[in-house]
Amino acid sequence: MDVHSLPRDEDDDAAAEGTSTLGREEHSSGSQREPQLAREDTQDGPGRVVPKQSGPILRCLKRICQKAKKDKMRYLRTVTTVPDISRMETIWEADEGGLEQHGCAMEGAMLLLESWRNTVDYFNSNKEDFIMKKSFLRLLSVLSKSIDWHNMPDFFIHKIASDTAGAIVEMIKKEPRDSLSSTIRLQAMATITDLSKKNVVKAMGSHQRRVLLRTFLKSVFSLPLLTTLQAQGVIRATSAQYTKLMESWMQSREDCLRERAVWSSLLLLNFVATEVKLDEASPFTRLGHLVAVLGIRCGDPVKAVSSKAAEGVHYLVSIAWHQKIAQLDRKNVECTEQRNKEFLAAWSPTVVHNSPSRIAELFGVYFNPRERTDFILTVMDGLTDHCNNNCQPTAEGLLSAMLNSGGTKVEKAADLVAGVCSRLDSVPQPSSRTLMMKLVGLLAGEAEHLDPVISCLLDHSFPTDSNLAELWQFLSADPALGGQVMENLVVKLQSHHSSEHQASHMSDAATCALYEMISASKSKDATNRLYPQLLMALLVEIHFSLGQSLPGDKVSGRESSRQSIHTSAAVEAIKMLLLCVGCRFELTVMEKEQGWILLQSPRDHLHGVSLLARAMLHCACPETTRMLLDLVIPLLDRGDKKHRLTTMAFFVELLRCKEAEKLPHPDTLDRLEEWTKHPSPVFRSLGLRGLGILATQPGKVEQVKALLPAILWGSDAMDDGSILEVISAVQNLLQSLVGSELTSVARKLSLYLSAVRPQVRSAAIMLFTELLTTVKRRQKYLLQEEVTRSLVPLLLHLQDEDPEVGKRCQKALAGCFQFLGWACPKQINSKKAWHKYPQVVDKICQHSVLKLRSVSDTLLQCLDHLQSPQVPIRRAAAIFIGCTVQSSEPAMVRQEKELILQSLSGLQQDPDSSVRVSVSRAIQQVRDPGRNQSPQTLGARFRNLFHCLTGQEERENAPDRDLVGGPDPSQSHRWDSGGP
């Protein structure tokens, strides 16, 4: 690509026309074909490998091209970043070890020349790409500063000069003619300037320099006339693009760069203010940005920069006058011009320079919403540590003045809030941070902006950092505004709970925001007013944070960790809420009973909710309770079945308060009855608990009694939790039950006396004992059969592995014997194990078995307990069978003998050795029932049989000879459990 191959003067007129403006070049370049770099050339970081055979110059070009692509991707996030070509030298110096080593010898020059040729070939293969053009020009600027040109041979300099001239001429010819400036044209001029400082341009020769200069001149002077460009809007578009380019340079930390950028912008604004007539139909789109940038520069420590910036603001005032103010009075031209002179005189550069904050006061009145937004965003850039901090007081003054003169009249409040959130982390000064947060508060204070502002804050609040936490606390400093924000957050949480099925980032962010606002000392009034709504929203949020993992659901490890984090956040918010409103008793109860742990457990979450509700009812005033009821009742029918559970559990506990008695009876009972019929065991359990609570209210006992059959007989397929609630509900109704109702309860309880779960056994035995004391004398005959059938399970569970169950069985048996009118054998209070002390069970059998009408029923009940999961019960059942057979006449057990032996044989392989020994002993007793019977025992048996047949009962106070007399010789020895 030699310049000698280029056309002469007559051919220069045929330069190709461009087809795009600067704006299209900047934003549409991504759609052009980008250079296909090799894989090793596009790798990032220090690990990037570039083939050595490509040479240092080509490697530098590829790195510059790659950096340009990355800068293009970061463009929107680095508004204030200044492109500093001097930093490109590090791309060369970091890996090439300095060019001085190559330039000291002919060998080094030949190496660089070969690398240059490879570079030119690489550029020619991608020369239509916009990024490649810019990268090539930047490479030339880097080479002008990196190569020791004084020590380079002439052939090397001439080759680079010739190829450079040819490449630049070709690029300039393809630049568009409908734009006053373009990136390539400007950068090419800057590149020639850099090369001329190293005398590289002189090496081109006179002919090459003439061709290059003529190309630049024709590129500029071949543009259309000024009036044509103005009519086409090209001047406005190009001016806006140029000023946009200058803005980043005006915020540079280097004084010379800022001064040059401000000076260039000043010339352009002078031209627009004096030569270009802008009206409302042709808006100056960069006005807000320019006013902010130049206004900040008015406080620049460099006097040359600040004075020129003040002049630039003066020209902007003139532009704004002509565009917006003068158009209001078009008829009276002379008056308008006079007013224009007076107005501009009042806003002279000196006035602007001395009081930069007045700039915001002036333009704040005439800015449209978009311009005001641009102004505020640009001023906030001046507050960050990325910009020149010497102008931070000026930027603060501009922002404060704008907020005081209609700063909330913006196009999109969310844009400003997002700008604050993204910049707070880089704003170190407390005064600046306060101003930015004040802006958010002013926006949130406008009713039309409140919801967008909160939504935008929530989008940026997850995960919550110290900056966003400080912002939420700042919003709560104003009681009125804090209340509005908290109400909005609660509404968002409630609407989310109604429409979604699990927690999301929005709900997590809202929970964290509520925690920060509740913890602020100045939000106490708003927190007290919104206490019921906040409490219920946060409780339901805990349910959501559990990820629907209530009992029966499986959750992955990662999801479980996420649930734990967000659930703890909601729990901490509830703790802070209770502390803020003075509920110290509730906090104490929850800590003592581990209620917070229950709330965060998927299995016990509802128990934690119930515990909190009961603690609140202990100290809550009637007004608060009524507010909770009014809030909870509408929520009972919202969401799916799982998300209603938290509200249902809270509502059921609220039924204990007096205010709940005023609720409509049919509605409450119908709702609870519906829950008891629900297929979900949790629903059934809550419904039954609610009915049990209503049974304690005098006015609703009869209505609940009417549901007793459904409660009892619907419990066949219930889980243990629902059965416990049934027992509790019946216990509350017990005093009002009579006749057949008690019989039904006793019949149902007999099924649960041997339940697997110890809590169910204990509750059933306790209720059965209480039922015996409730029955009136004339109604005892109705329950005699059920009481008799309950003796066997109660006797066997004297040996229960749960000591509490054993104690309750002793009380229940004492009540049964008293109910039946029998003397209570003292052996039922013995704590001795039956397999070690068989005489204990012998005495019990001798005293009570013969009083039963059917020994067969007793034995069959024992057979059922042979399959018990408890080892002591299986063992006790085998021992009891053997003793019962021994204490009975052989004819009474003849029909069931084979069935008994078959059932006992099935336990001969039991895992427990004591069970196997007891079974072997029982089998022997069943096969030979009379072997161990003594005459005294037989006499006692006949005596008892006589009393049974004649209907006479032994007097309860008379001493029993078998109990108080001497020991039976056949039973005086201790049974060896290790025997066969």
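**Exercise 1. Characterise the chain as a whole, beginning with its accessible surface.**

Solution. The chain exposes about 44600 Å², and carbon and sulfur atoms supply 52% of that area, where accessible areas come from the Shrake-Rupley method with a 1.4 Å probe and, for residues, only the protein chains shown count as cover. The model is a predicted one, in which local features need pLDDT of at least 70 and side-chain atom pairs count only at pLDDT 80 or more, while totals for chains, interfaces and linings use all residues. Residues are numbered from 1 along each chain as its sequence is written, and side-chain values use heavy atoms, with hydrogens and water left out.

The next step is secondary structure, which comes to 52 helices and zero strands; these are DSSP runs numbered from the N terminus, helices being H or I with at least four residues and strands E with at least two. Of the 980 residues, 53% count as buried, a class defined by under 20% relative accessible area, with exposed over 50% and partly exposed in between (1.4 Å probe, protein chains only). Finally, among contacts (heavy atoms within 4.5 Å) between residues at least 6 apart in sequence, 75% join residues at least 24 apart.

**Exercise 2. Compare the expected span of helix 26 with the distance between its end C-alpha atoms.**

Solution. The expected span is 1.5 Å times one less than the number of residues. Helix 26 covers residues 505–519, so its 15 residues should span 21 Å, and the end C-alpha atoms are indeed 21 Å apart, in agreement. The buried residues of this helix include Ala 510, Ala 513, Leu 514 and Met 517. An α-helix has 3.6 residues a turn, so residues three or four places apart point the same way.

**Exercise 3. Describe the surroundings of Ala 413: is this residue buried or exposed, and which residues does it contact beyond its sequence neighbours?**

Solution. Ala 413 lies in helix 21, residues 413–423, and with a relative accessible area of 5% it is buried. Leaving aside neighbours within four places in sequence, Ala 413 is in contact with Leu 443, His 449 and Val 453. Ala 413 and Asp 451, 38 residues apart in sequence, have their C-alpha atoms 9.9 Å apart.

**Exercise 4. Examine the aromatic pairs and say which parts of the chain they join.**

Solution. The structure holds seven aromatic pairs, a pair being rings of Phe, Tyr or Trp (its six-membered ring) with centres within 6.5 Å, stacked if the planes are under 30 degrees apart, edge-to-face if over 60 and tilted otherwise. One of them, Phe 123 with Phe 136, is stacked at 4.2 Å centre to centre with 20° between the planes. This pair links helix 6 (residues 106–125), which holds Phe 123, to helix 7 (residues 130–146), which holds Phe 136, across 13 residues. Both Phe 123 and Phe 136 are buried.

The rings of Trp 834 and Phe 880 have centres 6.3 Å apart and planes at 25°, so this pair is stacked as well. Trp 834 lies in the loop between helix 44 (803–820) and helix 45 (838–848), and Phe 880 in helix 47 (residues 871–886), so the pair ties together parts that are 46 residues apart in sequence. Both Trp 834 and Phe 880 are buried.

**Exercise 5. Trace the polar contacts of the Gln 799 side chain.**

Solution. Gln 799 lies in the loop between helix 43 (791–796) and helix 44, and counts as buried at 13% relative accessibility. A polar atom of its side chain lies 3.4 Å from the backbone oxygen of Lys 832, and a polar atom of the Gln 799 side chain lies 3.3 Å from the backbone nitrogen of Trp 834. A polar contact is a pair of N or O atoms within 3.5 Å; within protein, one must be able to donate a hydrogen and the other to accept it, and residues adjacent in sequence count only if both atoms are side-chain atoms.
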